[in-house]
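Trainee: Could you take me through one part of this model closely? I would like to hear about the second largest pocket, and then about the cysteines.

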Amino acid sequence: MSIEQRFDYIVVGSGSAGAVVSARLSEDPTKRVLLLEAGGRDRNPWIHIPIGYYKTMFNPNTSWNYETEPEDTVDGRAVLWPRGKTLGGSSSINGLLYVRGQHADYDHWRQLGNAGWGWDDVLPYFKKSENQERGGDELHGEGGPLSVSNIRLNHELCEAFIAAGQEAGIKRNDDFNGPDQEGVGYFQMTERNGLRCSTAVAYLRDAEKRPNFEVITHAQVSKVLLENKKAVGIEYIRKGQVYVAKASGEVILSAGAIGSPQILQLSGIAAGDMLKSKGIEVQHDLTGVGKNLQDHLQVRMIYKTTKPVSINSAIRNPFKKAMMGLEFMFKRSGVLTIGAGQAGGFVKLMPGVDEPDMQFHFMTMSADKPGEGLHKFSAFTSTVCQLRPESRGHIEIKSSDPTEKPGLYPNYLSDDADCRFFVEALKYGRNVVAQPSLQAYVSEEFEPGLHVQTDDELLAHTRKKATTVFHPVGTCKMGTDNDTSAVVDERLRVRGIEGLRVIDASIMPTLVSGNTNAPAIMIGEQGADFIKADAR
């Protein structure tokens with residue numbers, strides 16, 4: 001027996017885009033909006049302390065803890081893919097970096113035929129969402145719900161990294177979201193007064209006060225309900241009970257690059273042959289669902305220091321650890337306010353590129369992976385990340401069971417260009433660390449280690465150690481009528497199904513050149529406006 005509810009709009013997923021979409025739709029008091037979240041509420045205090053991502057990213061209470069299928073291209077490894085399992089989705093457990101990507105990324109989307117997605121089109125939505133600590137201007141917003149703040153920790157290793165980058169020929173850049181992304185400098189964070197500003201904090205706190213807005217957590221969506229190729233509602237399971245929520249307006253999937261294609265496939269919207277092999281009745285043969293998977297890959301370079309200046313050392317000193325807590329408590333600054341990158345940079349690495357194709361993330365600490373303890377020695381980490389990989393993968397459900405995690409096949413390093421990139425990136429990363437300002441702090445290269453020297457050795461190390469930057473996108477690709485792999489059109493409507501949209505990072509035709517949280521929020525803002533305009 002199912003319990004039926006009725007709304008104007010139903011949004012599935014409260015993450016970086018879904019919180020935005022649902023909150024914006026609820027601004028119209030005449031529309032009843034339901035937001036379904038498979039995880040719980042964001043009550044874990046470590047969610048709101050920025051450095052707490054180290055404790056939440058792999059915590060099964062706050063993360064879905066996906067794993068990719070083992071692939072030979074990464075030495076037979078399964079790569080961990082944390083995704084947010086709470087209000088705010090991955091914006092509640094991510095590394096907090098506010099990076100929009102390059103202007104050219106969006107102009108490329110428009111060149112692919114996606115009208116309304118060029119840089120000039122998306123900039124107003126970035127600005128609409130933003131409350132920039134430095135104030136508004138032609139590129140930055142002021143007064144929006146999402147707080148964007150300067151870093152609140154001064155550290156000599158960050159200064160040394162920035163100086164070393166300049167010594168290596170990289171220009172200084174104090175705003176990676178300004179006119180030009182290229183350069184080395186400090187990241188800005190999605191923080192408000194030293195606390196994480198997730199989309200739950202930015203958008204849902206006020207929206208939940210509206211009588212026309214309802215949020216239901218621990219709601220596992222099993223399928224989209226269809227009638228004559230029109231989405232009319234959602235079926236979901238909560239505490240063992242089956243519920244049906246009907247939508248008189250639209251159903252919006254904002255469950256992310258894993259969840260949105262999974263729900264479409266469970267609903268019978270995907271490649272027909274694949275659906276039949278899982279015992280699912282084909283409702284609409286849409287071959288692109290789950291395809292076009294792209295993700296940022298990185299390799300960590302870890303260096304032991306000549307003196308105990310890193311966070312590794314400070315955290316092991318009881319007095320310094322207590323002072324960190326007091327600084328955060330009374331000043332909302334210091335170590336507890338940092339994210340997954342304090343300083344960083346964007347550089348042009350490979351021959352012939354017009355825009356930066358590599359990103360540095362620099363941190364004044366080191367670990368084997370987030371979620372594990374810091375190393376017992378003083379060290380810093382400088383990662384090299386490929387911004388525009390050529391490799392493409394896919395996501396595919398394993399059965400008709402909505403609680404079974406889908407198979408994730410990123411196909412990392414399957415393209416020769418990606419392999420060549422990381423060989424050169426590791427060489428470039430070493431060159432920056434070798435500059436006088438940073439070399440003065442280095443006692444030993446811990447990873448990759450000086451025994452890794454030849455191109456073959458560097459590539460082998462990459463296959464063994466490379467890991468995700470947690471940016472899967474593209475699995476519900478936006479495209480034109482003549483693109484058979486496209487899942488949604490330029491207004492994010494699912495092709496061939498009325499009343500159904502996908503609004504999240506899965507619609508990206510190509511991966512943006514940087515962290516994906518800010519672009520996902522932008523997609524949520526623009527998608528909500530599409531719905532409002534089309535309803536008129």
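Mentor: Happy to; here is the pocket, followed by the cysteines. This is a predicted model, in which local features need pLDDT of at least 70 and side-chain atom pairs count only at pLDDT 80 or more, while totals for chains, interfaces and linings use all residues. Residues are numbered from 1 along each chain as its sequence is written, and side-chain values use heavy atoms, with hydrogens and water left out.

A pocket here is an open set of points on a 1 Å grid over the protein atoms alone, where a 1.4 Å probe fits, with protein on both sides within 12 Å along at least five of seven lines; lining residues have an atom within 4 Å of a point. The second largest pocket holds about 520 Å³ of space, the volume being that filled by probe spheres set on the points. Its lining has 21 residues, and Val353, Asp357, Arg388, Pro389 and Glu390 lie nearest the centre. Helices H4 (103-111) and H12 (416-433) each supply at least two lining residues, with the largest share, four residues, coming from H12. By class, nine of the lining residues are charged, seven nonpolar and five polar.

Now the cysteines. A disulfide needs two cysteine sulfur atoms within 2.5 Å, and the count here is zero. The sulfur of Cys385 has its closest cysteine sulfur in Cys419, 15 Å away, so the two are too far apart for a bond. Cys385 is buried (under 20% relative accessible area, 1.4 Å probe, protein chains only), with a value of 0%. Cys419 counts as buried too, at 6%.

How values were computed
Buried < 20%, exposed > 50% of the residue type's maximum accessible area, 1.4 Å probe, protein only. Nonpolar A, V, L, I, M, F, W, Y, C, P; charged D, E, K, R; others polar.
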